[in-house]
Amino acid sequence: MFSTIPFKRPIPITLPSTYQRRYASKSSKQWLSRQSRDPFVRQRNQGTDTDPSSTFRARSAFKLVEMNDRYKFLSGARTVVDLGGAPGGWSQAVAKEMEKGPKGVVTETSKPTDAGAEEPTLDSPEGGEAVRPTVGRKIIAVDLLPISPIPGVITIQGDFLAPETRRRLVQTISPATGVDVVLSDMAPNMSGNRLRDIDLSLELCTMAFDFAKDWLVTAQETGKPHGGVLVMKYFEHPELQAFRKECLQAAFRYVSNVKPTSSRSESSEAYWICSGFKGP
């Protein structure tokens with residue numbers, strides 16, 4: 001027999017502060033425990049036995065390192081834009097890669113040129129592709145949050161969605177060279193509302209794509225089938241897959257989706273690696 005006790009609205013309960021502190025402490029301990037077991041966190045802070053210098057400001061740098069090791073999209077790049085660059089881990093990884101100086105490319109550090117001198121011309125290797133001549137490299141990092149100085153990196157603090165920030169960014173780019181690689185690790189502040197979060201993620205992807213269309217060099221200009229690269233974070237959702245089909249695949253010869261091993265397994269994030277830009 002069902003109870004006939006009338007329904008009463010639940011009375012709000014405020015947990016004692018001691019309980020709240022205990023719960024927060026437990027949560028903090030779980031986070032610290034996960035961090036201590038994470039090999040990428042350890043490597044971020046200490047480097048590796050074979051390369052002690054491979055330390056980064058952010059764990060996320062290893063995602064970029066892993067993707068570049070596989071796809072080599074930073075090879076030969078002379079202008080790279082890092083959107084959502086704070087705290088600077090990705091720009092650090094780009095700078096370290098550019099320090100290697102691909103064979104046949106003249107850099108500011110390896111061969112300074114006199115002011116007013118003609119840009120050096122480089123013949124293509126025997127049986128290989130022509131190498132685009134360049135004097136120096138440029139890395140530009142943009143974020144709403146401040147980025148502490150990184151050698152060889154131009155930093156711009158501002159909201160990429162704001163026209164003024166994009167104007168400042170464009171002023172740092174040489175129209176003669178354009179941009180070889182656009183990186184976007186931008187992500188919205190998650191609200192817990194799935195639909196809202198996906199809409200915000202799609203907006204960021206669209207803004208990064210529109211910027212890339214305006215400034216990326218084309219595959220034809222680079223002389224490489226994979227020239228002109230956009231690497232962009234996204235979150236799994238049917239709307240994002242529609243964006244890939246309608247926008248990315250129409251503008252690039254190759255579009256791959258990658259979830260680096262350094263991405264946390266519980267995260268729905270992944271990355272598109274778009275190469276072979278066809279032109280706007």
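The buried residues of helix α8 pack against helix α6 and against three strands, β5 (229–235), β6 (252–258) and β7 (269–277). The model is a predicted one, and the points below take up α8, then α6, and then the way the two helices meet.

**Helix α8**
- Helix α8 covers residues 238–251, and its 14 residues reach 20 Å from the first C-alpha to the last, close to the 20 Å expected at 1.5 Å a residue.
- A bend of about 35° occurs in α8 at R244, a residue that is also buried, as are L240, F243, L248 and A251.

**Helix α6**
- Helix α6 runs over residues 194–215, and because a rise of 1.5 Å a residue predicts a span of 32 Å for its 22 residues, the 32 Å between its end C-alpha atoms agrees with expectation.
- At the start of α6, the backbone nitrogen of L195 lies within 3.2 Å of a side-chain oxygen of N193.
- Buried positions in α6 are D197, I198, S201, L202, L204, C205, A208, F209, F211, A212 and W215.

**The α6–α8 pair**
- The axes of α6 and α8 approach to within 11 Å and cross at roughly 5°; with angles under 35 degrees counted as roughly parallel, the two helices are therefore roughly parallel to each other.
- On the α6 side this contact is made by I198, D199, L202, C205, T206 and F209, and on the α8 side by E239, L240, F243, C247, L248 and A251.
- Among these contact residues, I198, L202, C205 and F209 are buried in α6, while L240, F243, L248 and A251 are buried in α8.

Methods. Residues numbered from 1 in each chain as written. Predicted model: local features only at pLDDT ≥ 70, side-chain atom pairs only at ≥ 80, totals over all residues. Heavy atoms only, no water. Helix = DSSP H or I, 4+ residues; strand = E, 2+ residues; numbered from the N terminus. Expected span 1.5 Å × (residues − 1). Buried < 20%, exposed > 50% of the residue type's maximum accessible area, 1.4 Å probe, protein only. Polar contact = N/O pair within 3.5 Å; in protein donor to acceptor, adjacent residues only side chain to side chain. Bend = angle between axes of the 7 residues up to and from the residue. Contact = heavy atoms within 4.5 Å. Axes fitted to C-alpha atoms, helices over the stretch in contact; angles between N-to-C directions. Parallel < 35°, antiparallel > 145°, perpendicular 65-115°, else oblique.
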